[in-house]
Amino acid sequence: MNVRTVSVICPLFNEEKFIERCILSILEQDYPQDKLEVLFIDGRSTDNTREIVSKYAEKYPFIKLLDNPERIVPYALNKGLEESTGEVIMRLDGHCTYPTNYISELVRYLYELNADNVGGVWNTQPAKDTPICQAIALASSHPFGVGGSMHKIGASKIMETDTVPFGCYKREVFEKTGPFDTDLVRNQDDEFNGRLQNLGGKIYLIPQVIINYTARDTISKMRHMYYQYGLYKPLVNKKLGSPATARQFFPLLFLLALVLGGIASIFSPFVLNIYLAMIMLYLIIGLVVGGMSAIRTYQPLLILLMPYVFFNIHLSYGFGYLRGLVMGYKSINVQPNR
């Protein structure tokens, strides 16, 4: 059997709380270590991330720490591509841990399906054992929170899809597509995968490969993340020539309905009734989801927290999307991911 050489590329910035667990999950992989190279590309972290990675790089020759002076993800990915030597390019995230067969399974399916990119699904976990962290994790993996994004809400069978988390690519893919787009602080995977599909590439979701993803630990961090997702989505659409999915518009439409409907309600009782019905329906859905989550987790506070977290996700994404449309990407303040 031909065992492919694999280059793992992992962008980092201030991941001291998570990176050691990530590294240990890589070291526990059942893939032959002599066929692996693991490149951690750090955006000049201000915490102990570099020291932790350096400790493992000294012990394991296939682990390397590289510098990313530009400090944002697409530059890190492109630096990793330039430095890598593997037949397979696999992006990982320092915020996650991976099952022992993660690399071997994705490489196997990459070639069995004759795919250009394959990836697993997220098992979104709370950062801490608190009600608000549980609510953030649950809302970030619920269809009402994130729509039909299958790698976030789960799937029952292998399926062709528009994007997967992180990605496991054949090296030759990058000869056709070129590198990752450095205009995109967020959504660079979406744009790259859209570009790949436009060139006839095939992307598959492998649901039995499960990634343990740790959700953000505060509402403010979660808002910032979804705001950036929305902010860069119009630029992705512009670069691809069309929107990849319809679900991306719902937070924007919700935001506009909330603002414009509220204004119109002042002048029309009919609009007011529709407006109140919309808000009531939204609240009921949030409370029902919260109630079901509370029963499953024995955490009664989720009944009230889930509508609040959903509301923050949708407004943050919607406002980011609106700003991305109105201001244009050149007005965006580029900063490292948090």
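In this predicted model, the side chains of lysine 202 and glutamate 160 come together in a salt bridge, with 3.5 Å from N to O. Lysine 202 belongs to the loop between helix 9 and strand 9, whereas glutamate 160 sits in strand 7 (residues 159–160), so the pair ties together parts that are 42 residues apart in sequence. Lysine 202 is partly exposed, its relative accessible area being 36%, and glutamate 160 is likewise partly exposed, at 40%.

This pair is one of 17 salt bridges found in a search of the whole structure. Another joins lysine 128 to aspartate 217, where the closest N and O atoms are 4.0 Å apart. Lysine 128 lies in the loop between strand 6 and helix 5 (131–139), and aspartate 217 in the loop between strand 9 (203–214) and helix 10, so this bridge ties together parts that are 89 residues apart in sequence. The two partners are placed in contrasting surroundings: lysine 128 is partly exposed, with a relative accessible area of 45%, while aspartate 217 is buried, with a relative accessible area of 14%. Both residues also belong to a network, in which salt bridges that share partners join Lys17, Lys128, Asp217 and Lys221.

A further salt bridge is formed by the side chains of aspartate 189 and arginine 91, at 2.8 Å from N to O. Here the aspartate comes from helix 9 (residues 188–198) and the arginine from strand 4, so the pair ties together parts that are 98 residues apart in sequence. Both aspartate 189 and arginine 91 are buried. Helix 9 also holds glutamate 191, which counts as buried at 4% relative accessibility. Beyond its neighbours within four places in sequence, glutamate 191 is in contact with Asp181, Leu184, Val236, Lys239 and Leu240.

Arginine 91 leads on to strand 1, since proline 11, which has its place in that strand (residues 6–12), counts Arg91 among its contacts. Proline 11 is buried, with a relative accessible area of 11%. When neighbours within four places in sequence are left aside, the other residues that proline 11 touches are Ile41, Val73, Ala76, Leu77, Leu92 and Gly94. Its C-alpha atom is separated by 16 Å from that of leucine 24, which is 13 residues away along the chain.

The nonpolar interior can be considered next. In soluble globular proteins, nonpolar side chains tend to be buried together. The largest nonpolar core of this model has 65 residues, and those with the most contacts inside it are Val6, Phe40, Met90, Tyr102 and Ile103. Helix 13 (residues 302–327) gives the most to this core, contributing eight residues. A second, separate core has 19 residues, including Leu39, Ile41, Leu77 and Ile89. Returning to the largest core, methionine 90 shows which residues surround one of its well-connected members: leaving out residues up to four places away in sequence, methionine 90 touches Val6, Ser7, Val8, Ile9, Tyr102, Ile103, Leu106, Val107, Gly167 and Cys168.

Rolling a probe the size of a water molecule over the atoms shows where empty space is left. In this model, a search of the whole structure finds two cavities of 30 Å³ or more. The largest cavity holds about 80 Å³ of space, and its lining consists of Trp122, Thr124, Ile136, Ser140, Lys152, Tyr213, Ala215, Arg216, Met222, Met225, Tyr226 and Tyr229. Strand 6 (117–125) and helix 10 (219–240) are the elements that give two or more residues to this lining, and helix 10 gives the most, with four residues. Divided by class, the lining has eight nonpolar, two polar and two charged residues.

The second largest cavity contains about 40 Å³ of space, and around it stand Ile9, Leu77, Leu81, Ile89, Arg91, Tyr169, Phe174 and Phe180. The elements that give two or more residues to its lining are helix 3 (73–83) and strand 4 (88–91). By class, this lining has seven nonpolar residues, no polar residue and one charged residue. Several residues met earlier return here: Arg91 lines this cavity and is the salt-bridge partner of aspartate 189, whereas Leu77 and Ile89, also in the lining, are members of the second core. Both Leu77 and Arg91 are in contact with proline 11 as well.

Note on methods
Residues are numbered from 1 along each chain as its sequence is written. This is a predicted model: local features need pLDDT of at least 70, side-chain atom pairs count only at pLDDT 80 or more; totals for chains, interfaces and linings use all residues. Side-chain values use heavy atoms; hydrogens and water are left out. A nonpolar core is a set of buried Ala, Val, Leu, Ile, Met, Phe, Trp, Tyr and Cys residues joined through side-chain atoms within 4.5 Å. Buried means under 20% relative accessible area, exposed over 50%, partly exposed in between (1.4 Å probe, protein chains only). Contact means heavy atoms within 4.5 Å. On a 1 Å grid over the protein atoms alone, a cavity is a set of points where a 1.4 Å probe fits but cannot get out, and a pocket is an open set with protein on both sides within 12 Å along at least five of seven lines; lining residues have an atom within 4 Å of a point. Grid points are joined across faces, edges and corners, and a volume is the space filled by probe spheres set on the points. Ala, Val, Leu, Ile, Met, Phe, Trp, Tyr, Cys and Pro count as nonpolar, Asp, Glu, Lys and Arg as charged, and the others, Gly among them, as polar.
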